[in-house]
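Good morning, colleagues. Please take a moment to look at the sequence and the structure before I begin.

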Amino acid sequence: MSGGRPVPAIAPLRIGQGLDVHPFAPAGERPLVLGGVVVPGAPGLVGHSDADVIAHALADALLGAVGLGDIGHHFPADQPEWAGADSTDLLARVVAMVGDARWQPVNAQCTVVCERPKLAGHLPAMVDRLSAVVGAPVAVTAKRAEGLGALGRVEGIACLAVVLLAAEPARDPAAAEPDPVAVEPDPAAAEPELTAGELA
Ligand SMILES: [Zn+2]
């Protein structure tokens, strides 16, 4: 075989995927948090943090794209520091790690597999919250498992995520060093109540 087309010169890109699953906790034990949004009237999920399965899948996709492992590696479940953690805070820390590696999110999509409760009315709030934390458009869609398997029996919720990253432009060594605060935001300073309107 010959005559293959040359590969076009494009900006360096990376793709990452994430998958997470959490079982339901007994009713009334803890709130259901998905995509940074509390979904009322449904049992929460079991987990060391707030068990936000969407934020976790998205964080794993981001880390995987740049070869930084997964959130279990960075935020171990045996560390009290992360007990009950707000997973959008963990996600913000992951976004900062990706930025430190000089990659920036282009967009992401999360597909949450949830038999019950119905999530359609909550998806716009999740999109706003996750997009604000990631700093790029994050789409969230919800699918039922059609009664099949553990997810269909409403034993838990799963989420798949895919993310695209673009390399940040190389720094010009001759140029003045930019303000490090401006290019490497302190994840500890990330405001949990960021809104989409605050995005650059
Ligand atoms: Zn998780």
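Which residue in β6 is the bridge partner of Val-113? The partner of Val-113 is Ala-158. I shall start from that pair and work outwards. Please keep in mind throughout that we are looking at a predicted model.

Val-113 belongs to strand β4, residues 103-113, and Ala-158 to strand β6, residues 156-167. These two strands pair in the antiparallel sense, over ten bridges. Elsewhere in this pairing, Ala-108 stands opposite Val-163 in β6.

Let us now turn to another neighbour of β6. Strand β1 also pairs with β6 in the antiparallel sense, here over eleven bridges. Ala-158 appears again in this context, as it stands opposite Val-21.

These pairings belong to an open sheet of four strands, in the order β1-β6-β4-β5, with mixed pairing. The edge strands are β1, residues 13-23, and β5, residues 138-143, each of which pairs on one side only. From one strand to the next, the twist averages 15°. As a general remark on such elements, side chains in a regular strand alternate between the two faces of the sheet.

What, then, lies against this sheet? Helix α1, residues 53-65, lies across β1, β4, β5 and β6, and runs at about 150° to β1. Helix α4, residues 123-134, also packs on the sheet, where it touches β4 and β5. The direction of α4 makes about 145° with that of β5.

I now move to the chain as a whole. Its secondary structure comprises six helices and six strands. Along the sequence they follow the pattern β-β-β-α-α-α-β-α-β-α-β-α. Of the 200 residues in the protein chain, 32% are buried. Consider next the contacts between residues at least 6 apart in sequence: 77% of them join residues at least 24 apart.

Finally, how confident is the prediction? The mean pLDDT of the protein chain is 87, and 82% of the residues reach 70 or more. Two stretches deserve separate mention. Over residues 175-183 the pLDDT stays under 50, and the model has one contact for them beyond four places in sequence. Over residues 189-200 the pLDDT is likewise below 50, and this stretch has 16 contacts in the model beyond near neighbours in sequence.

To return to where I began: Val-113 has Ala-158 of β6 as its bridge partner, and β6 itself stands between β1 and β4 in the strand order. Thank you for your attention.

How values were computed:
Residues numbered from 1 in each chain as written. Predicted model: local features only at pLDDT ≥ 70, side-chain atom pairs only at ≥ 80, totals over all residues. Pairing = 2+ DSSP bridges. Axes fitted to C-alpha atoms, helices over the stretch in contact; angles between N-to-C directions. Contact = placed C-beta atoms within 7 Å. Buried ≥ 20, exposed ≤ 12 C-beta atoms within 10 Å, placed from the backbone. pLDDT = per-residue confidence, 0-100.
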